[in-house]
Amino acid sequence: MHDYLDKDKNKHNIPFLIIDDEADNASLNNEGAKGHEYASKINGHIRALLQLFHKKSYLGYTATPFANVLQDRNFQPTKDWQIKFKTKGEKQEKQLKQVDNIFPDDFIYLLSPPSNYIGAKQIFETLTVIDNKAEGEKIPLLSSPVNDYISEFPTRVFDIEEPIGITNYANKKEWDEKGMFEDDMFFSTYSEYRSNTRASKAYDDFPKKLPESLKEAVICFILSIAIREKRKPEMVNSALYQPHHTMLIHISRFTLWQNKTSVLLSKYLSEVSLSILNDDPNSSKSVYFDVEKVWYKYYAEIVESIRKYLPLKYSDEFLTPMVFESVKKYLPDAVKNIEVKAINSITKQKLEYSKTSPKKFIAVGGNRLSRGFTLEGLTINYFIRNTNYSDTLLQMGRWFGYRPGYVDCCKLFTTEDAIEKYNQTTKCIEELEHEFKKMSRRGSSPEKFVLRVKKHPGVLKITRPSIMKNTVDVKWSYQDQLEMTTIFDVTKSKMERVWDNFKNELAPKLKDTPDTPQGFLSYKATSNEVIDLLHKENNFPSDDIITMVKFIQLCNEKNKLINWTVALKTTGSAKGADGLGKKILTPSESNLIDEVELSIRRGPNEKISQEGYRKSFLKDHKFHMTGRNANIISSSKDLSIRLNASTIKIIENKYYEEKIREIQKRKPSLTKKEARKEISTIPERVYREGMNEDEAVLIVYLFDSHYSFNNEPGKDNPEFKEYVEKQNIDLNVPLVGYAIGFPPIENDPGGIYVQGDYNLDEDEYSDESEYSNEDSPLPIDSQE
């Protein structure tokens, strides 16, 4: 481009457009933290290209925008950008000017996924309920959490005669919660654990065998091929037909471990293939009997009822139900010609999909299996590798995308820790989307609008360390947030302490005042009174209490968050007349001035996708109030409790007008009346954002324990019934949940957020031992 400049010109007069797919990857400036004179190679080249034109545009596309939002916005460099190249074998060099950065200064546009796209929101926790026939229940693509991998793919080892894989505890708190029970055969204290263990190394001899969970995942892959082969006659002439089959295995960044896993998989697959080809399909002693057990564990229910879990406008005529007997005859062909590949820099193996003959691949890898490769017909994912980076997590989530005719074949095998991180990341994406939409409504550009990405301390680093160097961790920010207790300690002592605190501290203050909306009791409170409540017994995590209290105090210094309403929701959906639960709390039981109808949040059910939550409840005494969503409020309008009727009407009308315009942009043929019909509910944030900066609310919800402990008379679950009896739980004691609504605050005093800091020179994340530019490219699913 520089060579074609007109004489005596330093810029072209023609318009120039760069379109950058996967814009969160190589084009970001990994060197920006060193100062505005530094740039990584591709970033520098892009900026030099842009500088060659008077009229230019840079357009980036990404599914994981964290890094783009956080990237540096340095000043224009004073030094020229050096470009080295060869012409006819001779070394050449150019010195070119650069634009300052490629931060999205002008606009960020949120693309709406089509109705047949399956993304994180359909699988993991969200704050809002997804729209499907299963009343918002997530698609059951998750297996039960994988918990048998540590001995074969450990991140920490105990060195005796030879290394033994052992659980990795990041800190003493984690050890206190789990370690003393799980690893007391080796260590009695956390200090002893830390001094006698070390991080696993590439040269450690792992794995020695395949975990049973990985073997089950392989059987699921074979079943998925058989299901798709049965549907092939109806699909083969469709443009949607996908002939290839892929299984992805993410076990470690160590290539030696990947290669050994590949060898063990090939051996296991050979044994299974031999059995399927030679065993009597009708014998209870054959491999078919074992495969049938896997079918009923993972596929029978979802293949029969997948349509009810899909978004309402999702259309797929090829998802025909079937039973194992009809699938069984396809197994011999399904197991043939499956190739196991270790994709890394040592093997140099590749996934090459033929246009003429279907391929069946089991791909084993680490970093190289995260971005850049094509995975066609991906169905089974075995993902146990640990990562703390949100954007990397999502890029590794290759199960998101379009799966015509086989979405019910897909399965994700992963750890409890990874599921929790995905849940947090999915909710983080919701917050980002909200910020984008708010920016659009206000007509603000990203340059003038501070974008925040929620950071969960000690769990998720928002993005790669090389990008994070130019950000600052701002403590205690909860502006424009709804914070809720969604994980409840269900031990008898904790339940009773929280309930006693409610009866003695809260209940006597709650009144039915003239300005209290119907369905509530409330009182006006100072910020110090709310802080006092947070310090007393409740179900917020201790870290969250510390940061919320600090945030409130920081806001108080600026006369913000000083006027609070503390309220109790008095109407719920628990049923008592038919003996199904407690339903009503009387004044004598609660110390309240009136009766209260209890709310419902059911305990984890028998589905395999809920197995991790059942274990957490029954063994760890933690009730995750999830399922349809990670939200405990009964109605979005609950957050309007501080607003008068006229204000509510104004903000509702404003929301409808904005939403109608948004819908008409997508569907220009719709009239305002038709667009209005597509709006089902108003989000809670609309009401919360109607509060002034000096206001906030704390709403209390009381949940019927009969439902939460799966002990509705006539519907009681034996496991939970035994738990209630052993723990001596009084089901007439309700669970007490808090929801705190913070308003938008213009001059945010801080928070558990990462905010771009464009003058930061410190290197806060110097350890990049787990990140390699060479390994950064990872598979692009061709169906995404």
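Patches here are built from residues with over 30% relative accessible area and no salt bridge, with like charges joined within 9 Å and nonpolar side chains (Val, Leu, Ile, Met, Phe, Trp, Tyr) within 5 Å. This is a predicted model, so local features need pLDDT of at least 70 and side-chain atom pairs count only at pLDDT 80 or more, while totals for chains, interfaces and linings use all residues. Residues are numbered from 1 along each chain as its sequence is written, and side-chain values use heavy atoms, with hydrogens and water left out.

**Exercise 1. Find the residues of the negative surface patch, and place E177.**

Step 1: Asp and Glu count as negative, Lys and Arg as positive, and His and the chain ends are skipped. Step 2: the patch is made up of E174, E177, E416 and D620. Step 3: E177 sits in helix α3, residues 172-182 (helices are DSSP runs of H or I, at least four residues; strands are E runs, at least two).

**Exercise 2. Work out which residues of helix α18 are buried, and look at what follows the helix.**

Step 1: take buried as under 20% relative accessible area, exposed as over 50%, and partly exposed as in between (1.4 Å probe, protein chains only). Step 2: in α18 (residues 611-620), the buried residues include G612, Y613, R614, S616, F617 and L618. Step 3: just after α18 comes H621, with a positive phi of about 60 degrees.

**Exercise 3. Describe the setting of N711.**

Step 1: N711 belongs to the loop between α22 (705-708) and α23 (718-727). Step 2: its relative accessible area is 10%, so N711 is buried. Step 3: a polar atom of the N711 side chain lies 2.7 Å from the backbone oxygen of F709.

**Exercise 4. Go through three salt bridges and say how covered each partner is.**

Step 1: the rule asks for a side-chain nitrogen of Lys or Arg within 4 Å of a carboxyl oxygen of Asp or Glu, and it gives 33 salt bridges.

Step 2: K297 and E216 pair up at 3.2 Å, N to O. K297 is in helix α7 (residues 287-298) and E216 in helix α5 (residues 212-235), 81 residues apart. K297 is partly exposed at 37%, and E216 is partly exposed at 23%.

Step 3: E589 and K582 meet at 2.5 Å, N to O. E589 is partly exposed at 27%, whereas K582 is buried at 19%.

Step 4: E652 and K637 meet at 3.6 Å, N to O. Because E652 lies in helix α19 (residues 645-666) and K637 in the loop between β21 (622-624) and α19, this pair ties together parts 15 residues apart in sequence. E652 is buried at 15%, but K637 is partly exposed at 40%.

Key: Accessible areas come from the Shrake-Rupley method with a 1.4 Å probe; for residues, only the protein chains shown count as cover. The place of a charge is taken as NZ of Lys, CZ of Arg, CG of Asp or CD of Glu. A polar contact is a pair of N or O atoms within 3.5 Å; within protein, one must be able to donate a hydrogen and the other to accept it, and residues adjacent in sequence count only if both atoms are side-chain atoms.
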